[in-house]
Amino acid sequence: MRTRPTLSWTPGDEELPEPTSSVEPVAEVLRAGRVLVLSGAGISTESGIPDYRGEGGTLRRHTPMTYQDFVGGEDARRRYWARSHLGWRTIGAARPNRGHRAVAALARHGYLTGLITQNVDGLHQAAGSRDVVELHGSLARVVCLGCGATSTREELDRRLREANPGFTAGAIRINPDGDADLSDDLVRTFRPVPCTGCGDGTLKPDVVFFGENVPRARVEECYARVDAAAALLVLGSSLTVLSGLRFVRHAARAGKPVLVINQGVTRGDQHAALRVDLPLGQALTELTDRLGVDPDPALDLDPHAVPTGG
């Protein structure tokens, strides 16, 4: 029996730490060093990429395609690639914001042990972060489910443009996974392309869909990073799904402080030693100011032209 992935949760009656608007307690933990960052969609909203569950989150209007739907039928894959083909233009054009640059600067100055990101947009790397585990993969890569061959999204975008000349419909809205809302009539006119390696394999973005498991080796690497860190700093994630929440629980069980900077409550707040309720750009800029770290605005590279970790 297929089960639907967890897309939302309802806060319970557990006692939570009162949120603060001061970042000084976070700065104190960072001064001690060995802090691991776990980031979510909230850090990319200032780059024009919406989140799923914030005040304007797309889950209020949009249900992401699951892995089961994607592999289950040609029509579903046509719908995904038609919508993603247009959505990629927004994701591909996005640039790092001050939050991404602040995280990179904190790592560069030795405050962080590394970064686990739930995002698939590559913006942390574009801002200069290098020790990154992409928990849910990257939209910049494409994999064939038949032969396992990989390619770049730029190459696939070129092939899709050639196969669909004139497919320039305006998207209604863009979602965090690069999916754009389109009418069914437009979707039916779209022509997907096969793998160039095996000739007929199904192409899939190299990301973890809802309902799909994160590769075990990647999960174990993240657990090891939590074990090696002195504290875990969560940035812009509701922690609704287990893929990120498990690392918060793991850190808390080990007695490591969990610090959360996010607008609104998260599913991991009961494990948090501190909750800061501020926009990420503002909070991280204040942190770098307090620590005397100067984020380099020149590190605004093409997010899809730099190596991706994890």
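# Exercises on a predicted model

Just after helix α10, G292 has a positive phi of about 70°. The structure used in these exercises is a predicted model.

## Exercise 1: An overview of the chain

Task: State how many helices and strands the chain has, and what share of its residues is buried.

Solution. Step one is the secondary structure: the chain has ten helices and nine strands. Step two is burial: 52% of the 310 residues count as buried. Step three concerns contacts between residues at least 6 apart in sequence: 76% of these join residues at least 24 apart.

## Exercise 2: The sheet of six strands

Task: Give the order of the strands in the open sheet of six, and say whether the pairing is parallel or antiparallel.

Solution. Start with the order, which is β3-β2-β1-β7-β8-β9. The pairing in this sheet is parallel. Next, find the edges: β3 (132-134) and β9 (274-276) each pair on one side only. From one strand to the next, the twist averages 15°.

Now look at one pair in detail. β8 and β9 run parallel and are joined by three bridges. One bridge partner can be named: L259 is matched by L274 in β9.

As background, strands of a sheet pair through backbone hydrogen bonds, either parallel or antiparallel.

## Exercise 3: The sheet of three strands

Task: Identify which strands are at the edges of the open sheet of three strands, and describe how β4 pairs with β5.

Solution. The order of this sheet is β5-β4-β6, and its pairing is antiparallel. The edge strands are β5 (150-152) and β6, each of which pairs on one side only. The twist here averages 40° from one strand to the next.

Take the two pairs in turn. β4 and β5 run antiparallel and are joined by three bridges. In this pair, V142 stands opposite S151 in β5. Strand β4 (residues 137-144) also pairs with β6 in the antiparallel sense, over four bridges. Here C144 stands opposite L203 in β6.

A last step: why is β6 described as largely enclosed by the rest of the structure? Strand β6 covers residues 203-207, and four of these five residues are buried, so the strand is largely enclosed.

## Exercise 4: Helix α10 and its neighbours

Task: Compare the reach of α10 with the expected value, then list its buried residues and what they pack against.

Solution. First, the length: α10 has twelve residues and reaches 16 Å from its first C-alpha to its last, close to the 16 Å expected at 1.5 Å a residue. Second, the buried residues are L280, G281, A283, L284, L287, T288 and L291. Third, these buried residues pack against α1 (24-32), α4, β7 (231-235) and β8 (258-261).

Fourth, take the neighbour α4 by itself. Helix α4 (residues 98-108) packs with helix α10 (residues 280-291) at an angle of about 35°, and their axes are 8 Å apart. The crossing is left-handed. From α4, the residues R98, G99, A102, V103 and L106 take part; they meet G281, Q282, L284, T285, T288 and L291 in α10. By class, the residues of this contact are five nonpolar, five polar and one charged.

## Exercise 5: A second helix pair

Task: Describe how α3 and α6 cross, and which residues meet.

Solution. Begin with the axes: those of helix α3 (residues 74-93) and helix α6 (residues 153-163) come within 11 Å and cross at roughly 120°. This crossing is left-handed. Then list the residues: W81, S84, H85, W88 and R89 in α3 meet R153, E154, L156, D157, L160 and R161 in α6. Finally, sort them: the contact has four nonpolar, two polar and five charged residues.

## Exercise 6: Positive phi outside glycine

Task: Locate R34 and L239, and decide for each whether it is buried or partly exposed.

Solution. Take R34 before L239. R34 has a phi near 55°, a positive value in a residue other than glycine. R34 lies in the loop between α1 and β1 (35-39). Its relative accessibility is 46%, so R34 counts as partly exposed.

Continue with L239. Its phi is near 60°, also a positive value in a residue other than glycine. L239 is in the loop between β7 and α9 (242-253). At 1% relative accessibility, L239 counts as buried, because the cut-off for buried is under 20%.

Notes
Residues are numbered from 1 along each chain as its sequence is written. This is a predicted model: local features need pLDDT of at least 70, side-chain atom pairs count only at pLDDT 80 or more; totals for chains, interfaces and linings use all residues. Side-chain values use heavy atoms; hydrogens and water are left out. Axes are lines fitted to C-alpha atoms, for helices over the stretch in contact, and angles run from 0 to 180 degrees between N-to-C directions. Helices (H or I, at least four residues) and strands (E, at least two) are DSSP runs, numbered from the N terminus. A crossing is left-handed if the near helix is turned anticlockwise from the far one by less than a right angle, and right-handed if clockwise. Contact means heavy atoms within 4.5 Å. Ala, Val, Leu, Ile, Met, Phe, Trp, Tyr, Cys and Pro count as nonpolar, Asp, Glu, Lys and Arg as charged, and the others, Gly among them, as polar. Buried means under 20% relative accessible area, exposed over 50%, partly exposed in between (1.4 Å probe, protein chains only). Two strands pair if DSSP finds at least two bridges between them. The expected span of a helix is 1.5 Å times one less than its number of residues.
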